[in-house]
Amino acid sequence: MMLRRGFILFLPRLVGLLVLACCSVSIIYMLACTPKGENQQLALPRVHSPTVKEGYEAILQEREEQHRNYIISLKKQIAQLKAELQGRTEQLKNMQNQYPDPLDIQLDHSKPEKAQANLLAFLRSQVDKAEVHSGVKLSTEYAAVPFESFTLQKVYQLETGLTRHPEEKPVRKDKRDELIEVIELAVGSLNKPDGVSKAKPRLYTASDFVEGIYRTEKNKGTLYELTFKGDAKHQFKKIVLFRPFGPVMKVKNENVNMADTLINVIVPLAKRASKFRQFMQNFREMGIQQDGRIHLTVVYFGKEQMNEVKSILENTSKSANFKNFTFIQLNEEFSRGKGLDVGARFWKGNNVVLFFCDVDIYFTAEFLNSCRLNTQPGKKVFYPVLFSQYNPSIIYGHHDSIPSLEQQLIIKKETGFWRDFGFGMTCQYRSDFINIGGFDLDIKGWGGEDVHLYRKYLHSNLMVIRTPVRGLFHLWHEKQCLDELTPEQYKMCMQSKAMNEASHGQLGMLVFKQEIETHLQKQKLSSKKT
């Protein structure tokens, strides 16, 4: 009973203490959660202040203002960080431009536009590193990357191997699609308005495409140079494209006017009057009648057959009304390098394109245009790879008669080969030939002087255009390797002689001729017995 009475008396006190504690906690909580001003703490609404609702609204408005100021402050800090980050990015980009390295380029895939910009910057650096705008110094003739040429229907290629032909339709789909894409892109570029001319632009089509050359530098990309017909005769449009292992990029779009570009054809000669007569027939038709912007310089060694050669030259001059020729006679032993060097230095007119030629060469008017288009003073020299004819008596031995010369000049595996070991036929401006130092006049006789000049150009900053051309042929003639030649010259001469005769298959038929005849004889005997 005593315990129960005590508990009843203590209960009101306990309840009072609990109420007092709850009130104290509530007051402390409200004081702690009320936002502070700059110099004082916000007070709870008092009894004598405005209503409780109005007091809380004032507190909420002030708190909202503080949050707004805090957000503005954060935005300012973010803007400062962005500006600093952009400055660091620009510094990094400048360093990458100064020290380009593909391994250091990182693409941020979370920002596609920035990633695309970085990729395009890298691809353009590939154009700058590749041999597009200027040549690079090379150590040997084997270091040069040759071009391959193509038209709408055919590709003319050097690396034929066992399954490819020197001239063929592009069978592989990737190669065919690649060249079609390049031609279409070039046509689209030509038809794109330039925004300057108000005249109605001409509409170009693929039929305006004349020829193109291309080559691939394995660690950079593929360079394409395409030539289209221009607005007038002897005018062309030239498009340079580059595929840096990605999208094709237009490098250059320029007008090329070759109407006044003269070519000086220089031919060194000793004897061989009958070959010179054949050469002049080709020169008259292609050089005088079809092209018309040409000069001929003949450097003749000795006096034997000289009058006959001069007579052929003068008869052509009279019949074709052609006065643009020079005849130089040297009383010394024949030297091809000396003859070409003398002929090049004898010219006294303006800077001219020199075409170093031989008397057993056949060229077309299209080749003369290629000679002009692939040379540029101080920039480019042209080393075409000509198609060398096999011995017609072997090729057409099973025929009733040997076809005419024009019918023989077709590019097939059975009729000839790309003479990629020869560097004698070349086009360059006279100023480049003089500046490079010309030929080595200490080299006598056959061979060596052309390779020496070729190496000079490779060691310079000039771009060497090396490509097979469809309009330049070496006519077959029996080659004699004299005992007076040095061992190296004699070896080169014999290699050339062996390759000149026939294809591997045709030579094999000659080597195994007796075996084949024996087999056929056995077949006849066997058929008679049965």
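This section describes strand pairing, nonpolar cores, cavities and the setting of one strand residue in a predicted model.

Strand β11 comprises residues 353–356 and is flanked by two partner strands, β8 and β15. The pairing with β8 (residues 263–269) is parallel and is made through four bridges; within it, N264 has L354 of β11 as its bridge partner. The pairing with β15 (residues 426–429) likewise rests on four bridges, but the two strands run antiparallel. Here L354 is placed opposite Q428. L354 thus appears in both pairings, facing N264 in one and Q428 in the other. The side chains of β11 alternate in direction: V353 and F355 point one way, L354 and F356 point the other way, and all four are buried.

F355 also belongs to the largest nonpolar core, which contains 59 residues. The members that touch the most others in this core are V265, F276, F279, F283, F355 and F367. Helix α5 (residues 273–291) provides the largest share of the core, with seven residues. Because domain 1 (141–190 + 203–257) and domain 2 (263–478) both contribute residues, the core lies between the two domains. Around F276, once neighbours within four places in sequence are set aside, the contacts are L269, V298, V309, I312, L313 and V359. Another core, of 26 residues, lies apart from the largest one; among its members are L138, A144, Y383 and L462.

Three cavities of 30 Å³ or more are present in the structure. The largest encloses about 120 Å³ of space. Its lining consists of 15 residues, of which E211, G212, I213, S370 and N374 are the closest to the centre. At least two lining residues are supplied by each of β4 (209–217), β5 (221–229), α8 (365–373) and β16 (463–474). Strand β16 gives the largest share of this lining, namely four residues.

Strand β4, one of the elements that line the largest cavity, also holds V210. The relative accessible area of V210 is 26%, and the residue is therefore classed as partly exposed, since this class lies between the limits of 20% for buried and 50% for exposed residues. V210 and F228 are separated by 18 residues in sequence, yet their C-alpha atoms are 5.2 Å apart in space. F228 is also among the contacts of V210 beyond four places in sequence, together with T151, T227, K229 and R470.

Technical notes. Residues are numbered from 1 along each chain as its sequence is written. This is a predicted model: local features need pLDDT of at least 70, side-chain atom pairs count only at pLDDT 80 or more; totals for chains, interfaces and linings use all residues. Side-chain values use heavy atoms; hydrogens and water are left out. Buried means under 20% relative accessible area, exposed over 50%, partly exposed in between (1.4 Å probe, protein chains only). Two strands pair if DSSP finds at least two bridges between them. A nonpolar core is a set of buried Ala, Val, Leu, Ile, Met, Phe, Trp, Tyr and Cys residues joined through side-chain atoms within 4.5 Å. Domain bounds come from an automatic or database domain assignment. Contact means heavy atoms within 4.5 Å. On a 1 Å grid over the protein atoms alone, a cavity is a set of points where a 1.4 Å probe fits but cannot get out, and a pocket is an open set with protein on both sides within 12 Å along at least five of seven lines; lining residues have an atom within 4 Å of a point. Grid points are joined across faces, edges and corners, and a volume is the space filled by probe spheres set on the points.
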